[in-house]
Amino acid sequence: MRLPFAEWLPHQRWYGGRNRVIEAAEPIAVTPLREDLDHVVLGVRYADGGDERYQVVVGWDRRPMEEFQAVATIGSDEGHTAYDALYDESAARSLLALIASGAEKGDVRFVPEPGAELPVEAAARVVDAEQSNTSVIFAGGFAPDVPGAPGAAILKVFRRVLPGVNPDLELNRALGRAGSAHAARLLGAIEGTLEDRPVSLGMVTAYFENAAEGWAMALASARDLYAEADLRADEVGGDLADESYRLGEAVASVHHTLAEALGTSMAPPPIGEMAARLSAAVETVPELARWAAAAQATFEAAGTAEVPVQRIHGDLHLGQVLRTPETWLLIDFEGEPGQPMAARRRSDSVLRDVAGILRSYEYAAFQLLVGEPPDEQLAYRAREWIDRNTSAFCDGYASTAGFDPREQTALLAAYELDKAVYEAAYEARHRPSWSWIPLQSIARLLQGAARAH
Amino acid sequence: MTPTSQHDPAEGSHVTGGVVEHPVATDFVQARVLPADRTWFQRAVFYEVLVRAFFDVNADGSGDMKGLIRRLDYLEWLGVDCLWLPPFYDSPLRDGGYDIRDFYKVLPEFGTVDDFVELLDAAHRRGIRVITDLVMNHTSDSHPWFQESRRDPAGPYGDYYVWSETDQRYSDARVIFVDTEESNWTFDPVRRQFYWHRFFSHQPDLNYANPTVQQEMLNVIRFWLDLGIDGFRLDAVPYLFEAEGTNCENLPETHEFLKQCRKVVDDEYPGRVLLAEANQWPADVVAYFGDTSLGGDECHMAFHFPLMPRIFMAVRRESRIPISEILDQTPAIPANCQWGIFLRNHDELTLEMVTDEERDYMYSEYAKDPRMRANVGIRRRLASLLDNDRNQIELFTALLLSLPGSPVLYYGDEIGMGDNIWLGDRDGVRTPMQWTPDRNAGFSTANPGRVYVPPNQDAVYGYQAVNVEAQRDSSATLLNWTRTMLAIRRRHESFAVGSFHDLGGSNPSVLAFLREAGDDVVLCVNNLSRFPQPIELNLQHWAGYQPVEMTGRVMFPRIGQLPYLLTLPGHGFYWFRLSAPEEDR
């Protein structure tokens, strides 16, 4: 197979090497799935000496619909044109059918979950908005629901191929088998062996077409508050506190299920990592230097005594939760982005997830004010909205978990600060106009800590 | 009521020697009937009108049947298909007419049975149907059946009501009106026994375990159907029978009796409808449609109670979740049935009408929003609930006309009438219809002091500003907008019987859904937020179709494979017809 992958890759949204120079991009494993369909793992070698693996399903001479031709056309080889087959409805359906039948093709295994029914007849559509994956949604169209027909599903193909089990697959499998109501049920997976090591290639879960993202709901609520001249956060119609409470219950329930399924252990708080992240961030964001000592003190206040740890979501924020008509769901259990697989699967305190949501409320409230001159009144309202929703979330969490995360003040503060430091570095690199949000939070967290000491 | 041998049927029932005699339909002229159509109610727009409040012909200060006849041209012009009249039977009016003293007589201030037949005939001439409330569960304690029952326990009516030596039977049945009643039993000093009542103590429950009572009520139904009425809203149906050890609601015997009523309708009066008022959750209400495999063999229609507050909540929260949630929990109904949906009516949504768990749920869902809590029960009119915001009134009305079910409009809401909160809580939304800016709002020529309640004179909602005359001739008014939307709705089978598919989408403030019936495909997109919003919809299934906006027949860009982007103004909505691609284009 001789295809111009090196020219094609940089145009793909999920490609992570855009700032690097490709030396070579060639298939290192090719598994025929169908006469006109090959499963390909690309090896990409960079001029800087590094390398990466990417997954592409190549469809031969199967032109996708016009809208997708530019992005899906890879090139030609021996008179045949190769396309990224995920954009082709029939190829996508074939993948689903392979999973449903439990097929094994060379080193690629298609694994249905016990008892799962896959919507192999449903219309498929690709979602190419994700940063590191490509998803295909299989939904039944809009004909009247056929009783007994399988529900909609989403196939997520992991583009970066990393050795080891992907935590998204691993945790969804654990949650699905435990019958968790707060995760999209896992229906099947694509797994394989590459260079003698297990790899996760893709997964299918139930899909909720009629779900709303927590982030968008939070923005709608905060927006509603800001439009009122003198109403308090608990007085406006768009109050989100009830939903925040229920979200807290859902997160606690997922934590409980993960602990039951995958066990718990004891470990000291990861203060060393937090400190290392801080020093790296100070190099990117020099303004952080004046907070470094206070931040270090906050981390150390978390102590060295062991605390209970378990598998957690790892990158929880309001964009990773969905409100379906019935309940809240947690999605994307991939762990902290940009980390090696081992780090993404590491056990940690549930407080890291709690801190992630608390930080996300702060982002939701202040994001609406980006690009505007500072307004003391609105900032006050934002704070009120954040406090109301974080306490509702913690109340809901406590009601299910049996302990209140706010009682572990020092540890929770350390996780919140750690997340804010990460955000400060991220914003400085990607969205400088948002930098004030984490910086302001860091100042608040540390001033609060100073007062408490 | 005098015990004469020659009794005037217009005077209603009378008692002769301890026997209550009722008029029969052949005592009266009968109205022309509309062609027997067994599905008309699935596509009908209902209009609830209070006879008392609509138009007063005889200048006695109270609306009457003849007044309603005089205003039928207006209702025909507006485009409604069926009038729903709350009870107009003879009554001491201790419960708004739901305490019936004589099933066979019209409340004298409203007119006579002959007047009612004239109304039916005049409405039918215009293609408009008429249904009314029938209270099956109980009567007024002044009903001659009850008077005879208490006087003569061994007589023919002794067993018409539920009597007991003790007040301890059926102790698992909750008290519904907890504010006014302590028990479902009240001691009658005449008969020296307790009688059973699920509602007020002046409304004794009829004893349906007595076959004679069942026969009596079937006679009542036949009487009005013979005169030409198009159906009944059956009031408080879950409570007809009692059984020890149960909560005395939704009992199998109750369903059996409703099946019997339905059989009478199907066999003798095809095309007439029974509409159940069962203030329960949709999953429980579906039982009142009867057997799905038979297409439904109890009530043709039932009110969908929880949808209304959720529409208010969704717009307040700027989130479609409350609406999506309740529709998701609403089970499918038999093929020949239909929901009745409404925004406002003469009642409020009572939290007494639910079980304890449901009440907790209702409080946590509905009453957390402080603005809603200020109006628990929502005893206000649509316009004033929405601060007279025209955009919101239109959005709510568009939702009412497009969500699954037959919409029920409440008189006066089409012109944006307000309520008078200074009147008693029920009268506040029952003020006279505002026809003109003249004296008594053009409702009556009586001395203003004689009008049953004063017409609304509020600076914003009063009759001088809000009236039919002022709105009828201007195309930009709420009245003409409503009329236009009713006309558009009538053009599309999907709004009546189409399947419902909630599209979800990227923006939680936007409720988008498809209604589909055969080739007729309708896309409704509603912005529940007061701010402008974008929405990306996944419409790939309809790739190649062209959305055509219905009010202006405006062509929107053809649907392709990519998400379909729309932007909506605050509280804006679109109704699209999806036009199929044609091969030769």
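**Note on the predicted model: a helix, a glycine and an interface**

1. In this predicted model, helix 10 of chain A, which runs over residues 351-367, has 17 residues and should therefore span 24 Å at 1.5 Å a residue; the C-alpha atoms at its two ends lie 24 Å apart, in agreement with that expectation. Helix 10 of chain A is also mostly covered, since 16 of its 17 residues are buried.

2. Gly188(A) belongs to strand 11 of chain A, which comprises residues 186-194. Because 24 other C-beta atoms lie within 10 Å, and 20 or more suffice for the class, Gly188(A) is buried.

3. As to which residues surround this glycine, and with its neighbours within four places in sequence set aside, Gly188(A) is in contact with Ile99(A), Val111(A), Pro112(A), Glu113(A), Ala116(A), Leu118(A) and Val204(A). For one of these contacts, Leu118(A), the separation from Gly188(A) is 70 residues in sequence, while the C-alpha to C-alpha distance in space is 8.4 Å.

4. Between the two chains, 30 residues of chain B are in contact with 24 residues of chain A. On the chain B side, the elements that contribute two or more residues are helix 9 (307-317), helix 10 (321-328), helix 12 (370-373), strand 16 (499-502) and strand 17 (510-517) of chain B, and helix 10 of chain B provides the largest share, namely four residues.

5. Sorted by class, the side of chain B that touches chain A is made up of 14 polar, ten charged and six nonpolar residues.

Note on methods:
Residues numbered from 1 in each chain as written. Chains lettered and ligands numbered in written order. Predicted model: local features only at pLDDT ≥ 70, side-chain atom pairs only at ≥ 80, totals over all residues. Expected span 1.5 Å × (residues − 1). Buried ≥ 20, exposed ≤ 12 C-beta atoms within 10 Å, placed from the backbone. Contact = placed C-beta atoms within 7 Å. Nonpolar A, V, L, I, M, F, W, Y, C, P; charged D, E, K, R; others polar.
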